[in-house]
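I set out to record what I looked up in this structure, one entry at a time. Each entry keeps to one place in the chain.

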Amino acid sequence: MFKIRPLLSALINQRLTLERNGGLYNFLCMMSEASRDEQTAKPLKRSNEENEDSAERAQDAKRIKAEGEQAEDEKKYPKKKVALLLAYSGKGYYGMQRNPGTTQFRTIEDDLVTALIKSGCIPENHGDEMKKMSFQRCARTDKGVSAAGQVVSLKVRLIEDIVEKINGHLPPQIKVLGLKRVTQSFNSKNNCDARTHNFHNFTSQKAPSDPSARRYITEMSCGEPFINNDTEFAVITVRGQSFMMHQIRKMIGLVIAVIKGYAKEDVLERSWGQEKVDVPKAPGLGLVLERVHFDRYNKRFGGDGLHERLEWEREGEAIRAFKEAHIYPTIVETECQEGSMVSWMSTLPVHDFEETATVTQDNKDQKQDNADVGNEAD
């Protein structure tokens, strides 16, 4: 009896010990597996960190390489001031000048700047700040107005085949026809020639005392009428130092009003005076900027042996071909389809050419001008 109890007690103690040892074993097993997971996670973490470091190093290397290539390009192709001869059909565009932050109003300059960047002529980060490239257009054209001889000046990288590469990124209705090196101080707008006369009635919201209303018109002529698609057209040529917003359209509008008998000829004299005259504004569809002139610049720098004269006789055939392919057909077809000039002429009777224009009419004109975002012409 007494022998059995110690034996049972020993068995029980051995079982408890085994259970405890088993429990300890299981616990050690779990601790061992967790330790193995942690040990496995550490190399994975190090691997991820190494991958991230590798990616960062790759990005840094790519950036350094790009910066090096850009520096090499700038060293190989230093920025030089040039004048670009530009032709375009203005249909579908809201004028020449860009309107930063207004992407819904597409302009000629929007597409031109994009092409300059894609061709590698200017850095991408300068696209929104073209002042850094000393960019300046010679004339700002209205919505829908075309040009056969627009000139812009800016600094570019003189890469090989630069004109062809720029044109490769332009739509067919815009084309660079020529490029010439100019002086570093050249400004395509400011290097045009002197101004005088008072045309405050031929623009919008311009006081007669404003010096900018004085412009110099050197020539105005009308060619022989011709028939195209059963519609009669005539080409009126106006040459001047520069033009204000809507100036030519209002000049043509008043001439047509006189010819159609809605206004007397003396309205022309009154329009150059101090009083405000109700001057109608003709549609912009048929307006084409033919060429710009740099007589003073050519006289000063054209013969110095370093710079070319800003004349484009060699590009004459290319200009003519572009006009016949893109500008004239667009004008004729659009007029025949939409009848913008005919519709506009039907509004001439509502104008009062005998009395001074009222403030109400002036404000209506201003509202229309504000609606035509980006339509300033110079």
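**Entry 1: a polar contact in strand β3**

I found that the side chains of Gln150 and Tyr88 are joined by a polar contact of 3.4 Å. I note that the model is predicted. I then looked up where Gln150 lies, and its place is in strand β3. Is Gln150 buried or exposed? Gln150 has a relative accessible area of 0%, and I count it as buried because the cut-off for that term is under 20%. I also listed what Gln150 touches, leaving out residues up to four places away in sequence. Leu84, Leu85, Leu86, Tyr88 and Met96 are among them, and so are Cys138, Ala139 and Leu289.

**Entry 2: the largest nonpolar core**

I next looked up the largest nonpolar core, which has 51 residues. Which residues have the most contacts inside this core? They are Leu116, Ile122 and Leu154. I then checked which elements supply at least two residues each to this core. Among the strands I noted β1 (79–88), β3 (146–157), β4 (174–181) and β9 (288–289). Among the helices I noted α2 (108–118), α3 (162–167), α6 (295–301) and α7 (316–338). Strand β1 gives the largest share, 7 residues. The core draws at least three residues from domain 1 (3–30 + 193–292 + 313–349) and at least three from domain 2 (78–181).

I took Ile122 for a separate look and set aside residues up to four places away in sequence. Ile122 touches Val113, Leu116, Ile117, Met130 and Met133, and also Leu154, Lys155, Val156 and Arg157.

Apart from the largest core I found another core, of 19 residues. Val267, Val277, Val279 and Ala282 are among its members.

**Entry 3: aromatic rings**

I looked up the aromatic pairs, and the count comes to 5. One of them is formed by Tyr94 and Phe105, with ring centres 4.8 Å apart. Their planes stand at 70°, so I record the pair as edge-to-face. Both residues lie in the loop between β1 and α2, so the pair ties together parts that are 11 residues apart in sequence. Tyr94 is partly exposed, with a relative accessible area of 24%, whereas Phe105 is buried, at 18%.

I then turned to Tyr297 and Phe301, whose ring centres are 5.2 Å apart. Here the planes are at 40°, so the pair is tilted. How many residues apart are Tyr297 and Phe301 in helix α6? They are 4 residues apart, which means a separation of about one helical turn. Both Tyr297 and Phe301 are buried. I also noted that these two form one aromatic cluster with Phe186 and Phe294.

I added one note on a charge and a ring: the charged end of Lys180 sits over the ring of Trp312, 4.8 Å from its centre.

**Entry 4: a buried asparagine in a loop**

I ended with Asn201, which is in the loop between β4 and β5 (217–222). Asn201 is buried, with a relative accessible area of 0%. What does the side chain of Asn201 reach at 3.0 Å? It is the backbone oxygen of Glu275. The side chain of Asn201 also reaches the backbone nitrogen of Val277, at 2.8 Å. Leaving aside neighbours within four places in sequence, I listed the contacts of Asn201. They include Lys250, Arg270, Ser271 and Gly273, together with Glu275, Lys276, Val277 and Val279. Of these, I had already met Val277 and Val279 in the core of 19 residues.

Key:
Residues are numbered from 1 along each chain as its sequence is written. This is a predicted model: local features need pLDDT of at least 70, side-chain atom pairs count only at pLDDT 80 or more; totals for chains, interfaces and linings use all residues. Side-chain values use heavy atoms; hydrogens and water are left out. A nonpolar core is a set of buried Ala, Val, Leu, Ile, Met, Phe, Trp, Tyr and Cys residues joined through side-chain atoms within 4.5 Å. Buried means under 20% relative accessible area, exposed over 50%, partly exposed in between (1.4 Å probe, protein chains only). Domain bounds come from an automatic or database domain assignment. Contact means heavy atoms within 4.5 Å. A polar contact is a pair of N or O atoms within 3.5 Å; within protein, one must be able to donate a hydrogen and the other to accept it, and residues adjacent in sequence count only if both atoms are side-chain atoms. Rings of Phe, Tyr and Trp (its six-membered ring) pair if their centres lie within 6.5 Å; planes under 30 degrees apart count as stacked, over 60 as edge-to-face and the rest as tilted. A charge sits over a ring if NZ of Lys or CZ of Arg is within 6 Å of the ring centre and within 35 degrees of the ring normal.
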